[in-house]
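This report looks at how nonpolar residues gather inside a protein chain, and at how one helix arranges its buried and exposed sides. Please look over the sequence and the structure before reading on.

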Amino acid sequence: MPFSDYKVALVTGASAGMGEAIVERLCEQGIQVHAVARRQEPLQALADRTGCIPHAVDVGDLAALTELCRDLKVDILVNNAGVSRPGSILDADEEAVETQVDVNLRAVLHLCRLLVPGMLERDCGHIINITSIAAIYNFNGNSIYHATKAGVHALSRQLRVDCYGKRVRVTEICPGRVAT
């Protein structure tokens with residue numbers, strides 16, 4: 001499916017790093033981009049530079065996420081937002097678990113639940129999940145991060161099955177360390 005079939009995108013984690021670069025690239029292609037991140041000032045600077053539509057929303061806030069997606073018809077969904085806290089599950093506190101699960105996994109599940117049915121109905125879409133090499137390979141530390149990214153890896157594989165027969169692509173990108 002050519003890029004020209006896509007008109008509207010939603011990118012999470014858009015205020016810096018890979019998310020910011022993805023927003024810039026999609027805007028260059030003439031796609032209307034809804035840029036989502038917690039920090040208003042960097043989002044506004046990105047909007048001033050690219051013409052994207054900024055949304056200062058914490059993806060861990062389900063009510064805000066649901067409201068944002070209520071009337072959106074998105075052709076490209078980029079699940080990029082992510083947080084990591086070093087350390088083992090053996091010494092993690094409740095907040096470390098909740099935050100990483102909310103941002104890295106729960107938000108992705110809800111965004112797919114809210115937006116992918118419309119893609120299937122319109123027979124047009126592309127879901128891009130930014131996971132991590134940590135979704136595939138284990139190394140010392142970051143137990144919760146590994147688990148959440150592995151969950152999105154499994155979801156990506158399952159979405160390919162769920163979207164079979166429709167013109168909805170599912171791409172998973174598993175970067176290693178990135179200088180952001």
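The largest nonpolar core has 27 residues, and those with the most contacts inside it are Leu-10, Leu-77, Cys-112 and Ile-127. A nonpolar core is a set of buried Ala, Val, Leu, Ile, Met, Phe, Trp, Tyr and Cys residues joined through side-chain atoms within 4.5 Å, where buried means under 20% relative accessible area, exposed over 50% and partly exposed in between, with a 1.4 Å probe and protein chains only. The elements in the table each give two or more residues to this core; helices (H or I, at least four residues) and strands (E, at least two) are DSSP runs, numbered from the N terminus.

| Element | Residues |
|---|---|
| strand S1 | 8-12 |
| helix H3 | 62-69 |
| helix H4 | 94-122 |
| helix H5 | 143-162 |
| strand S6 | 168-173 |

The largest share of this core, eight residues, comes from H4. Apart from this core lies another, of 20 residues, among them Tyr-6, Leu-26, Val-33 and Ala-35.

The model is predicted, with local features needing pLDDT of at least 70 and side-chain atom pairs counting only at pLDDT 80 or more, while totals for chains, interfaces and linings use all residues. Residues are numbered from 1 along each chain as its sequence is written, and side-chain values use heavy atoms, leaving out hydrogens and water.

In helix H2 (residues 40-50), the buried residues are Leu-43, Leu-46 and Ala-47. They cover an arc of only 100° around the axis (taken from the directions from the helix axis to the C-beta atoms), which puts them on the same side of H2. The face turned away from that buried side carries the exposed residues Glu-41 and Asp-48.
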